[in-house]
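Student: Hi! Could you walk me through this structure, starting with what the words mean?

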Amino acid sequence: MVPVDTLTNATIQHLTLTYGALFFSVVTAIPLAILSLFSKRLSNAVLTLANLLQAIPSFAVVAIVVPLLGIGFTPAVIAIVVRALLPIIKNTYIGLKDIDASAVSSARGLGLTEWQIIRYIRLPHSYPAMFAGMKFAAILANSIAILTAIIGSGGLGSVIFSGLSNLNTDKIIAGSLPTIGIAIFIDVSFTLLERVITPRTHS
Amino acid sequence: MNIIDRIMDVWELQQLTQRTVEHLTMFAIALVVASIVGIIVGVIVYRRFRVATVLFNVLNIAETIPTLALLVLLLPLLGLGMKPTIVTSIIYSILPIARNTYTGLTSVDKEHILVAEALGLSDSEILRKVRFPLALPLIAGGIRIALVFTMGVVTLGGLIAAGGLGAPLQTGIQLYDKDIIIVTGLWVGLLALILDSVAGMIEHRLEVNRDGTR
Amino acid sequence: MTSRRLFDKIQGITISHVTKTYGSIYAVRDVSLDVIGGELLVLIGPSGSGKTTTLRMVNRLIEPDEGSISIDGQDIRGHDPVTLRRNMGYVIQQIGLFPHMSVRENIGLIPRLEGWTRDDINARVDELLSLVALPPEVFSGRYPQELSGGQQQRVGLARALAMDPPILLMDEPFGALDPILRMQLQDEFAKIKEELGKTILFVTHDIEESFKLGDRIAIMRDASLDQVGTAYELIFHPESAFVADIVDANKKYKHVDTMCVGDVAYALDDDHLLDGRMDSKDALSSMHEHDIEVALAVEGGEIIGLVNALSLYRDAQGRLRDHAFEPLIFDANDSLPAALSEMKAHGIPMAVVTSRDGQPTGIISMNETLLRLV
Ligand SMILES: Nc1ncnc2c1ncn2[C@@H]1O[C@H](COP(=O)(O)OP(=O)(O)OP(=O)(O)O)[C@@H](O)[C@H]1O
Ligand SMILES: [Mg+2]
């Protein structure tokens, strides 16, 4: 059996890692997506990079972080952010961009500034795509946060890996089940959140 | 020691040629099986809207389960090594392939189906000659998504003694050997990119052919 | 799988009291209609009047709620739908062609499913492409997106003819084309139609198209059949204001009263005079060669009668004189309405026009005349 407080601590650590990384991903990705609206070169670079990096196995990304940043909690967060960033940027950018041109020009005609157009027209329009990207990123973060235990992030992954080292089935199950619960929680909560935030405009 | 020598060192000591072969073997088996199963599932459910909805909802939930969690949970059933790795890859890959097959088969223009019926094609002939060929670009898209999943899972297989390129990555991290990590990490990344771009090219070709702008 | 050939040339299609409803809407309501073997029957009427539904019931794409349809007296419900459809060509407007198949594959699809050899398929495709005036060496390898609208429509027709079905169902086949192209394709189709000798059910919105191509015209309104008849009958004896309106009888034919036979007769030249003793087949090829529909059979300066290419095509046996029918004869100055009425009364669609001295100078055809007046 795994002591309850060990498991509780590991779960808290796992959640901190997952949601911390998700937070940093969101606050980096959304400004980057907005900035990409202003520069064709930036948007090309960002989207190409996003597409390329998405094809690379997470394990490779987590491993490569080690020679660059060492091991521990912070490198783990960074590894997760690198992967979780991409779906948010990509989806947000597409959401911002994929809007009726006439809506934008009529807003301009009403006298809205470029910034106001983004704030009041483009951004609300991008919410559904943005939230889909965030949901995907959160599920990805939850998944990679287990893996990063191998580079010393702690969390539920540590429980799993220590179970793996002596094939202790109890530990493996005790470490895995909460991550599955968290995954389903993320799926459900984001679906609900999506409905609350975009009730009228996209019903 | 210059860079080439260091790369060659890692390559030989970590037996990367053999690891790559293991890696690609698992990858190919998983992707082929997942494609066959996924397409068959898509074909079976394409006329059963209810079944399809339930099935895809269940698979959607399965898809959110962290890869590593599924991988280790299969250990008590399948033991260590290649078997759970391949099975996990297949479980993740069936959804995108089956869903895209389903969408492709069901979204064929109604007019085409009507004409096929009017010409006297039977249901199975319509499936083989009209629906399936027209769904190919979408099916290829699904296989491409599955390819990326499979590459990721197979790499994780190194952690449960499946061999492949995940194994030297783990060794590198445990020994804190930067050379091993960088050489193997970049090689895995490169391999993934190459396979993904080949799949992308095939997908694009199929799309273009359907549009007729060849 | 190879399907049985159900019929070669058919005697007729009988649509008997068919009704089809969707919810509370009647798409077709108690429609009875006989299509005579070898004729082209046009279904015309406003949008939503039930034309397509009627057409699709004939090849069992839609099953009627009530009533029955039979071909040569056999209820079509006795045939397997797939087999039945392979015995009927079907042409629709616009995207009828499969985008993932080349022209050759589109046309050869059913022959291939029927297990024909590659050589047989290729030969058939080439033959059909030539029939619809598309050189096979240029077009057989193309994909539908690489064809113009008119070319696509021709390929659609060729595909419908692949199994040489005795029946053709056509749903606004030229509806999506621009007017000039439409006229050109109508002309071509009118010729092909004579060569094929098939029974054709043809849906259109275009009254001129129906005069041009139709042997008879059935007018539909609100899911029911209003009137069936030849162009002449509809124009001169419309049974309702609605029919009169559709054929535009009042506006277009007002001036007919003042015309005489000579104004609309076709001038006769030597090509139209054929020796009554010649072989029917030779006569037919001579008429095809000179692009003539009707000719005059003569023997030693005597008029024996009229012959028309279509009836010769259906049965080209014996000598030409055996096929001649006695013509009505009008003077060039006779009143046109009187002449048309007399032709109608005798049920003879052709007449010979003579000059004052009794020499034949022209031919007048009832349908052609109506068309030229449009
Ligand atoms: N599948 C269907 N479901 C419900 N209503 C239908 C269906 N098919 C046809 N209808 C209705 O039946 C009526 C007849 O339709 P149909 O397609 O036969 O008309 P149509 O004469 O061919 O018209 P159009 O000239 O526009 O092609 C219309 O009112 C149509 O809306
Ligand atoms: Mg219609």
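Tutor: Sure! Buried means under 20% relative accessible area, exposed means over 50%, and partly exposed is in between (1.4 Å probe, protein chains only). Helices (H or I, at least four residues) and strands (E, at least two) are DSSP runs, numbered from the N terminus. This is a predicted model, where local features need pLDDT of at least 70, side-chain atom pairs count only at pLDDT 80 or more, and totals for chains, interfaces and linings use all residues. Residues are numbered from 1 along each chain as its sequence is written, chains are lettered from A and ligands numbered from 1 in the order in which they are written, and side-chain values use heavy atoms, leaving out hydrogens and water.

Student: Okay, which residues of α7(A) are buried?

Tutor: They are Leu156(A), Gly157(A), Val159(A), Ile160(A), Phe161(A), Gly163(A) and Leu164(A). That is seven of the 10 residues of α7(A), so this helix is largely enclosed by the rest of the structure.

Student: And what covers the buried residues of α7(A)?

Tutor: The cover includes α1 (4–36), α6 and α8 of chain A, along with α4 (67–73) and α5 (75–78) of chain B. After α7(A) comes Leu167(A), with a positive phi near 50°.

Student: Switching topic: which two chains have the most contacts?

Tutor: Chains A and B do, among the two pairs of chains that touch. Contact means heavy atoms within 4.5 Å. Here 34 residues of chain A meet 34 residues of chain B.

Student: How much area is buried between chain A and chain B?

Tutor: About 2800 Å², with carbon and sulfur atoms giving 86% of it. Buried area is the accessible area (1.4 Å probe) that two parts lose on being put together, summed over both. On chain A's side, α2 (40–55), α3 (58–69), α6 (114–147), α7 (156–165) and α8 each supply at least two residues that touch chain B. The largest share, 10 residues, comes from α8(A).

Student: How many salt bridges are there between chain A and chain B?

Tutor: Zero. A salt bridge is a side-chain nitrogen of Lys or Arg within 4 Å of a carboxyl oxygen of Asp or Glu.

Student: What about chain C and chain B, how many salt bridges there?

Tutor: One. It joins the side chains of Arg86(C) and Glu125(B), at 2.7 Å from N to O. The area buried between chain C and chain B is about 2100 Å², and carbon and sulfur atoms give 67% of that. The contact involves 24 residues from chain C and 21 from chain B.

Student: Then how far apart are the nearest C-alpha atoms of chain A and chain C?

Tutor: They are 28 Å apart, and chain A and chain C do not touch.

Student: Back to phi. Which way does the sign usually go?

Tutor: Most residues other than glycine have a negative phi. His17(C) has a positive one, near 50°, and lies in strand β1 (residues 12–22) of chain C. Arg60(C) also has a positive phi, near 60°, and sits in the loop between α1 (51–58) and β4 (66–71) of chain C.

Student: Are those two buried or partly exposed?

Tutor: His17(C) counts as partly exposed because its relative accessibility is 47%. Arg60(C) is at 13%, so that residue counts as buried.
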